[in-house]
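Got your viewer open? Load the model shown here and we'll walk through it stop by stop.

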Amino acid sequence: MRLFFVLVCCLAIPLVAQATDQGNNKKQQQATQSQPQSHQQRQQITTQSKHYGTSTVSRPKVNNSSQLTGRGQNHALNAQNNHVRVNTKGKVGTTLHSSNTASQQKLNNSSQLTGRGQNHALNAQNNHVRVAQSSTQGKLASKHFALSNSPNPKIASAKFNRNYRIQGSQNWQGQKYGAFQNYRGQWHNQNWWHSHYNRIVLINGGWYFWNANYWYPAWGYNSAFAYYPYNGPIYAYNNLPPDQVIANVQSTLQAQGYYRGTIDGVLGPVTQAALASYQRDHNLYATAAIDEPTLESLGMS
């Protein structure tokens, strides 16, 4: 029994030792396996955590940057679109519309101004022609009218007055109105008149003397022929006698619609009124007389 027990113990001890060794090996293997796994897991976890950390940090940055970039791009695109819209609808459209409108207005205004300018230019040209006509002596050819050379019984004659002055002449400025400002009626006999003036004519029942381009009444020359419907100077041109000057003025005023009377060579109230109307319309002194500026304006001198 003791031997059997020894034998059993001898056999059992190796088996137990082997089993123990196997168990220890298994535990070591398990421990070893468990440790690498935990280490690997820790490394993986650490790596993942680090990677996740970086990704967590980087991802928000990337996401934020991408989002911001996207938003910025969208905002930039929107801003660009808005800028394009503003430029297209606002600046460009308005500018083009304004330019078109301005150009159309310029064209319209220019066409209107051109039309007005043409009319104004034509008026200016006509005025220039009138001025040119008036500045050229004898621009309008004088005519010779068949006149009665007798007093007009419908028009009363002026009476001699030594203190007579032409009314309003003190306001007519310029040398061309000096004859009217200085006019004083003179009463002399024939000898005196002939000794002072070498040109004296009988027109419409009255005597006139010539002095410095004007015809004046020769009061006292002959009491039987002292018919003067106008008491004052008459500016002459082309060496015409006073009745022919008056008749040419009447004809010219008649052609322009100012005179509607008979061309008789008599400077009566109707002719004087026509002269005054023409003078007012042409910015001349309303002398109601045949003066040099009026003949220049009419193109007769």
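Start by selecting Thr294: at 0% relative accessibility it counts as buried, where buried means under 20% relative accessible area, exposed over 50% and partly exposed in between, with a 1.4 Å probe and protein chains only. Before you click on, note that this is a predicted model, in which local features need pLDDT of at least 70 and side-chain atom pairs count only at pLDDT 80 or more, while totals for chains, interfaces and linings use all residues. Residues are numbered from 1 along each chain as its sequence is written, and side-chain values use heavy atoms, with hydrogens and water left out.

Still on Thr294: its home is helix H6, residues 292–298. Helices here are DSSP runs of H or I with at least four residues, strands are runs of E with at least two, and both are numbered from the N terminus. Now show what surrounds Thr294. Setting aside residues up to four places away in sequence, Thr294 touches Leu275, Tyr278, Gln279, Leu284 and Ala289; a contact means heavy atoms within 4.5 Å.

**Next: H4 against H5**

Select residues 242–255 for helix H4 and 269–281 for helix H5; their axes come within 11 Å and cross at roughly 55°. The axes are lines fitted to C-alpha atoms, for helices over the stretch in contact, and the angles run from 0 to 180 degrees between N-to-C directions. H4 and H5 are therefore oblique to each other. For that label, under 35 degrees counts as roughly parallel, over 145 as roughly antiparallel, 65 to 115 as roughly perpendicular, and the rest as oblique.

Show the side chains here: H4 brings Val249, Gln250 and Leu253 to the contact, and H5 brings Thr271, Ala274, Leu275 and Tyr278. Sorted by class, that makes five nonpolar, two polar and no charged residues. Nonpolar covers Ala, Val, Leu, Ile, Met, Phe, Trp, Tyr, Cys and Pro; charged covers Asp, Glu, Lys and Arg; the others, Gly among them, are polar.

**Into the loops**

Go to Gly261, in the loop between H4 and H5. Gly261 is partly exposed, with a relative accessible area of 21%. Draw a C-alpha to C-alpha distance from Gly261 to Thr271: you should get 7.5 Å, for residues 10 apart in sequence.

Gly185 comes next, in the loop between helix H2 (178–181) and helix H3 (190–196). Is Gly185 buried or exposed? At 10% relative accessibility, it counts as buried. Beyond its neighbours within four places in sequence, Gly185 is in contact with Phe160 and Trp219. Its C-alpha is 8.3 Å from that of Ala218, 33 residues apart along the chain.

**Two backbone oddities**

Try Ala212, in the loop between strand E2 (206–211) and strand E3 (214–217). Its phi is near 50°, a positive value in a residue other than glycine. Ala212 is exposed, with a relative accessible area of 56%.

Asn238 also has a positive phi, about 55°, although it is not a glycine. Look for Asn238 in the loop between strand E4 (234–235) and H4, where it is partly exposed at 35% relative accessible area.

**Zoom out**

Colour by secondary structure and you get six helices and four strands, running α-α-α-β-β-β-β-α-α-α from the N terminus on. Of the 301 residues in the protein chain, 29% are buried.
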